Amino acid sequence: MAVLITYKFTWERPISEIQAANPAENGETEHLGILQSVWGAISSYFSTLKVKAFRQHMYIYLLGVTAQDLFSGAFVYFIVFGYGLSTSTASWLLSLGILGLPLTPVNYWLFTRLGARRCYIFYFTLVVGCLGMYYWMFLIDLSQGMTIALLGVLSAVYLFFKGGAYSIPWNVFPFIPDVDEIITSERREGEFAAMMNFIRKVTSGIASVILGWILASNGFKSGATVQTPQAIHAIVYTIVFGVGGLTLLAILLAFTFNLDAKTHKILIDEINRLKAGGKKADVKPEVKATVESLTGVKYEKLWPAAKS
């Protein structure tokens, strides 16, 4: 059903339109050697990082998802050895993440009302607050029943806002190729999607290696029912300070992120003006400032001269 809905309600630009927009490229690639083609593709992918908004977007996204990789990898150990609870309790707490699915429209509604920057700051701040509560509960002596009850509430809140925070990048992503278009006058959605997924896969692997190294270097024994105090503290500190530290960095970067529905509309209006034959010299100062803040490029160097 999901595939059918996707097929019926999504579309791509016609090939004829793409060829018309890039006449110089028609038939050119078939004359290139394999190495040239591969190098051209790699260069195109990494050129996406020249776009300031995309770099900021990737920094925030990767910090957030890497923090989540650490959290997911260590959470069961945290519950079992940090609180002395069972693995079934840990699994039950993780399953509370399903609450985020029916509440996805709430996340999108907040995104459209608050914008990406405010949503990032709001969600990530709540994530850090929840991590602080996890640590506070670890330090104090509570009954098992009270611990499970509080963990249930806390995990539900954490997993909901965590899910919202890491869905924001995919709400922002459709804006990114438009920022690139005013730099290159081309549509390169594929390159940006490929680069985003490629770097995500790399950081996911790195997070797993780092977590394994932290646990092993602190005497964690896989499969053991009892761990040393050093190993337990390594698990707790990974959850609280590792995940929390990465999330705090994401918050700091979010303060500088300027791409939202409002600035995107300004950008699109300027692209449409230039497409219609408008002169770059006639740009309004506030539009120029907005476009430069998103692209990281001086306005005079935007939109190839042949297009202006």
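This is a short walk through the predicted model shown above, from its overall make-up to a few of its local details.

Let us start with the whole chain. The protein chain has 12 helices and 0 strands, so if you read from the N terminus on, you meet α elements from beginning to end. Of its 308 residues, 41% are buried. The contacts also say something about how the chain comes together: among those with a separation of 6 or more, 77% link residues that lie 24 or more positions apart. On the outside, the protein chain exposes about 16900 Å², and carbon and sulfur atoms supply 66% of that area.

A single pair of residues gives a feel for such distances along the chain. K262 and G115 are 147 residues apart in sequence, while their C-alpha atoms are 8.4 Å apart in space. K262 has its place in helix α11, and with a relative accessible area of 66% this lysine is exposed, because the cut-off for that class is over 50%.

Now to the surface. A nonpolar patch is formed there by W39, I42, Y45, F46, F198, V202, I206 and I210, which together offer about 780 Å² of accessible area. The elements giving two or more residues to this patch are α3, spanning 34–47, and α9, spanning 189–217. Take I210 as an example of a patch member: this isoleucine sits in helix α9, and its relative accessible area of 40% makes I210 partly exposed.

Helix α12 is a good place to look at burial in more detail. The helix covers residues 285–295, and within it V287, T290, V291, L294 and T295 are buried. Viewed down the axis of α12, these buried residues fall within an arc of 120 degrees, which means that they line one face of the helix. What do the buried residues of α12 pack against? Their partners are α4 (52–82), α8 (176–184) and α11 (261–275). On the face of α12 turned away from the buried side you will find the exposed residues P285 and E286. After α12 comes G296, whose phi is positive, near 75 degrees.

If you like checking backbone torsions, S185 deserves a look as well. The phi of S185 is near 60 degrees, a positive value in a residue other than glycine. This serine has its place in the loop between α8 and α9.

Next come the charged side chains. Side chains of opposite charge can pair when their charged atoms come close. The structure holds 9 salt bridges, and a few of them are worth visiting one by one. D178 forms a salt bridge with R187, with 2.6 Å between the closest N and O atoms. Are these two partners buried or exposed, or something in between? At 9% relative accessibility D178 counts as buried, whereas R187, at 27%, counts as partly exposed. D180 forms a salt bridge with R188, and here the closest N and O atoms are 3.0 Å apart. In this pair, both D180 and R188 are buried.

Another salt bridge lies in helix α11. There the side chains of E270 and R273 meet, at 2.8 Å from N to O. The two residues are 3 residues apart in this helix, so about one helical turn separates them. E270 counts as buried at 5% relative accessibility, while R273 counts as partly exposed at 25%. Salt bridges can also share partners, and in this way D178, E181, R187, E189 and K275 are joined into one network. The pair D178 and R187, which we met above, thus belongs to that network.

Finally, a word on the cysteines. How many disulfides does the structure hold? The count is 0. Two cysteines that you may want to find in the model are C119 and C130. C119 counts as buried, because its relative accessibility of 1% is under the 20% cut-off. C130 counts as buried too, at 7% relative accessibility.

Terms used
Residues are numbered from 1 along each chain as its sequence is written. This is a predicted model: local features need pLDDT of at least 70, side-chain atom pairs count only at pLDDT 80 or more; totals for chains, interfaces and linings use all residues. Side-chain values use heavy atoms; hydrogens and water are left out. Patches are made of residues with over 30% relative accessible area and no salt bridge: like charges are joined within 9 Å, nonpolar side chains (Val, Leu, Ile, Met, Phe, Trp, Tyr) within 5 Å. Accessible areas come from the Shrake-Rupley method with a 1.4 Å probe; for residues, only the protein chains shown count as cover. A salt bridge is a side-chain nitrogen of Lys or Arg within 4 Å of a carboxyl oxygen of Asp or Glu. Helices (H or I, at least four residues) and strands (E, at least two) are DSSP runs, numbered from the N terminus. Buried means under 20% relative accessible area, exposed over 50%, partly exposed in between (1.4 Å probe, protein chains only). The arc is that of the directions from the helix axis to the C-beta atoms. Contact means heavy atoms within 4.5 Å. A disulfide is a pair of cysteine sulfur atoms within 2.5 Å.
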